[in-house]
Structure formats: C-alpha cells, structure tokens
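Visitor: I am new to this structure. Please take me closely through one part of it, the place where the two domains meet, and whatever belongs with that place.

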Amino acid sequence: MQGSPSKKCSICHRQMGATICCCCRSDQEQNEQLTSVILSREPPPKEQCRGTLLVFINPHSGRGKSLETFAHTVAPKLDRSLIRYEVVVTTGPNHARNVLMTKTDLGKFNGVLILSGDGLVFEALNGVLCREDAFRIFPNLPIGIVPSGSGNGLLCSVLSKYGTKMNEKSVMDRALEIASSPTARAESVALYSVKTETTTYAAFLSIGWGLMADIDIESEKWRKLGGHRFTLMGFIRSCNLRSYKGRLTYRPYKARGYNPSSNVFSIYDKTTQQRIDDSTAITIPSFADSEDEEKYLKNQKTTWTLHDSEDTTSSETEDAEEVVIEDDFINMYAVTLSHIAADGPFAPSAKLEDNRIHLSYILWKDIGTRVDIAKYLLAIEHETHLDLPFVKRVEVSSMKLEVLSDGSYVVLDGEVVETKSIQVSSTRDNICVFSSTA
Ligand SMILES: Nc1ncnc2c1ncn2[C@@H]1O[C@H](COP(=O)(O)OP(=O)(O)OP(=O)(O)O)[C@@H](O)[C@H]1O
C-alpha cells in the first residue's frame, strides 16, 4: 500500500516526510524538539552511575548549535560513561545565575558543565558568588566547558597547557572528550575580585577598554561568524581609530611569598559536598558545643583573600608603589589567562593558577599612524603584539580604571559592565575547571 504522496520542500527541494522539512523548521521549533529529546533520555541506573553533572545549555550562544551538540554528542557519551546529568536550558540572561544562586543541592553534583561561551561561565560564577557558601563552592565544584559560544578564552587557556592545537576543531574535540570522560580531572584557575561603582564581581579572564573592547562588543551582531567576527570588526575599527580619556592606576605584582599550586583532582572520585567536607575536616578545630561549631563553619571563608591584604604574609618588606597614568588611551587590555580566543596566546606567560594580572595598554601619543594599530591587531595572531614598541605591559596585583570620557565599553570577561570606574584585585582564591583526563 502506498502512503500519502510525499511533497518537496520549496526551500531545499528535498523530499519531505509526514512532518515539515528540517530546513523549514523555525529555530524555536527545532530547539523545542531537541530539548524534548534531551529531557526524555533515560539516565543510567543510579546504582551504576559514576557521578552527576549539572548542565547549562544556552541555545543561542555562538552559532546556535549547543542543543544539537548536547543531544547528539555529549548526552550519548555521558550515558555510555555512566554519568547522570540534570539539564537547564537557559531561557535568557541571568537564568543560570539565578539557578546557581538558589540551588540547595549543589553539593550532590560532581561538576557543572556549560555549553556556551565565557559569558555564561562568568554569569554562573557570579551566581555562586551571591551564596553564603561561595568560597567553599568555588574550589570544589569543577566547571566543564563545551565551547558553543564565540569566545572561549578559559577553555583555550586550559587546553593549551596540555598541548591541544588552537583551532576550532581540535578545541571542540578535546573539550568533548574531557566533558564526557569518567576519568576527567579538574585543576585550579585563579579568581579575581572586581569592584565597580555598584557591584562586586568574580572574574577569571580579562578586563578590556578602548579598541579591543569595542571590537568585542560591536562585533557581537556577527556572532554566527565565530572568531572571524573579531577580524572583520578589527579592520573597521582600525580605519576609524579613536582615543579614550582615562586614569589607570596599578600596583606592580610582588609574589609576597605566594606560590600557588594546580591542585589537580579526579572529578568523579567525590561529590562537591564530599570535597568541601574533606577540606573543612582538615582545618576544623574540635568544639564541645555544636552551636559553636555551626557558627565557626558559617564564618569560615566567607569572603575574598586578597593578594595584597595585610593578612597575607609577605616575605617582601615593601609593597610596590602605585603607578598612575592619566592620558588618552587607544587600548587597555588586562588578562589573567594566556588565551582570550582559539588563536595564539595573548599573554604567553600567564599560568592558570597564578594570580598575576597581565596588563597592557597603548597610549595615543605613542603611536605613529593608524597602520601601527592594524599591525598590532594582526600581531596578536602571531603572538608578537607585546613586542611592539608602543605597547606598554606590566604584571600587576591590582588595577583601577577610571573612564573620563563618554561612549566606550568596559568589558569584563567578555561582558559589558555599566560603570565608569572598575577596580580589579588579585586574590588567593580559585575556581576549578575540567582540564584533562587520567
Ligand atoms: N536563551 C538565551 N537567550 C539569550 N541570551 C542568553 C540565553 N541564555 C543565556 N544567555 C546570555 O547570553 C550570554 C552568553 O554569552 P556567551 O559568551 O556564553 O555566549 P556567546 O555566544 O559567545 O556570546 P557573546 O558573543 O555575547 O559572548 C550570557 O550573558 C547569558 O546570560
């Protein structure tokens, strides 16, 4: 017997079945279908499973393929590895933040997996920062990344340490392997305290203002081009070069006796709560009264340990003097990790666990012509940008930027923050990030 006559799609001219053709489906319909595929998967039996991940998927990040990647690649791999997962498909800005701020059972997870870019990692960390147990969660809840956004500096910095080639395919392949491996390991990445006029943030990657910040934000409309969006906007911007008036104050970095370690651990050996319990058990004094014990635990590590604070012991007797520069800038870009994207390293000497801020800036008065700036942007790809004579660079432990003119973006970890004053400080706190397999 013959079925109903099959029609041809008017767009791709392929034969259609009973349902509408894949190319005609709206993004929303396709996302809804993928979400239901993901949510209807049978988890591996609890008694056999190795652990559980909390997964955030931003369906609109980068080229908009994250739901597809999870449904067709990550989820089947996790099932095979006997790793269970709870999925949150984010519906808009602050969804992930609100979940992480309020979730009462975070301790049961072995890690958080994020399918988006640096922006969603930043949002997630700042959700955790709002919790009273934030500073116990940070070093014990590993964050894994499947690169679906257009900027994945954190992931590229982590993978480049282990020799992954910096191109889109190699980064994606290795990220998928680590994200779904039962032998995945995590390690420390330094965290920074940031204060603006109104808000305190946790940051892990970069603070930009001027040329590169403008390129980053103004090219967002071309998200679907992936990394090429930066090249295109870079070209446009160096043709229309402008200066930005500001005051930059910084304190050169002194180690003050600090020698951070990577602290590598296996993600599925323990849950986050077990790791927290283990670390508090080492330091907890014994209390006769359980109320005193509860008070002690509550007061434990509830805020930042600043690198330059009075409490951090110093083997160096003198702190470095602050330096103040008030001038017309072309670019100010400070990074705390080596890579800001999947091309060459922006700060080759930056290490994951190290808490130095690698500050670089260009003053208007130091450049010859706009060709210098085009050279600078091109040199980033070849890792020679820091050798250019008009690029000033210094390693600092704190920096403050005061914006003295209108019409520019201050960009923190790739996200715009509405402020004219921003202070970034090195801390001795860290997060932990999926980084390798055993
Ligand atoms: N469903 C959603 N729709 C729109 N925005 C979302 C959604 N879910 C999360 N977001 C927001 O989108 C941003 C994602 O940024 P992220 O860097 O992860 O991806 P991206 O595609 O690289 O974006 P960008 O280029 O803006 O950095 C976050 O600020 C997050 O709050």
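Guide: What follows goes from the whole chain to the two domains, then to the contact between them, the core and the ligand. The model is a predicted one.

The chain has 438 residues, of which 42% count as buried. It contains 12 helices and 15 strands. Among contacts between residues at least 6 apart in sequence, 82% join residues at least 24 apart.

The chain is divided into domain 1, residues 27-191, and domain 2, which is made of residues 202-257 and 316-428. The centres of the two domains, taken over C-alpha atoms, are separated by 28 Å. Where they meet, 27 residues of domain 1 are in contact with 28 residues of domain 2. On the domain 1 side, at least two residues each are supplied by α4, α6 (153-161), α7 (168-180) and β5 (184-196). Helix α6 gives the largest share of that side, 7 residues. Sorted by class, the domain 1 side holds 11 nonpolar, 11 polar and 5 charged residues.

A UniProt record, an unreviewed entry, carries the annotation "domain: DAGKc" for residues 48-198. In the model, that span is 40% helix and 25% strand, and its end C-alpha atoms lie 48 Å apart.

Next comes the core. The largest nonpolar core has 109 residues, and those that touch the most other members are Val112, Ile114, Ala124 and Phe204. This core draws at least three residues from each of the two domains. In soluble globular proteins, nonpolar side chains tend to be buried together. Phe204 is worth following on its own. Leaving aside residues up to four places away in sequence, Phe204 touches Leu125, Leu154, Val189, Leu191, Tyr192, Thr336, Leu337, Asp413 and Ile431.

The ligand also belongs in this account, as the shell around it draws at least three residues from each of domain 1 and domain 2. There are 23 residues surrounding the ligand, and the closest are Thr90, Ser116, Gly117, Gly119 and Gly149. By class, the shell divides into 3 nonpolar, 15 polar and 5 charged residues. Its largest share, 4 residues, comes from helix α4, residues 118-129. Helix α4 therefore appears twice in this account: it also supplies at least two residues of the side of domain 1 that touches domain 2.

Key. Residues numbered from 1 in each chain as written. Predicted model: local features only at pLDDT ≥ 70, side-chain atom pairs only at ≥ 80, totals over all residues. Near = placed C-beta within 6 Å. Nonpolar A, V, L, I, M, F, W, Y, C, P; charged D, E, K, R; others polar. Domains from an automatic or database assignment. Core = buried A, V, L, I, M, F, W, Y, C linked by C-beta atoms within 7 Å. Buried ≥ 20, exposed ≤ 12 C-beta atoms within 10 Å, placed from the backbone. Contact = placed C-beta atoms within 7 Å. UniProt positions renumbered as here; feature names shortened; annotations may be inferred.
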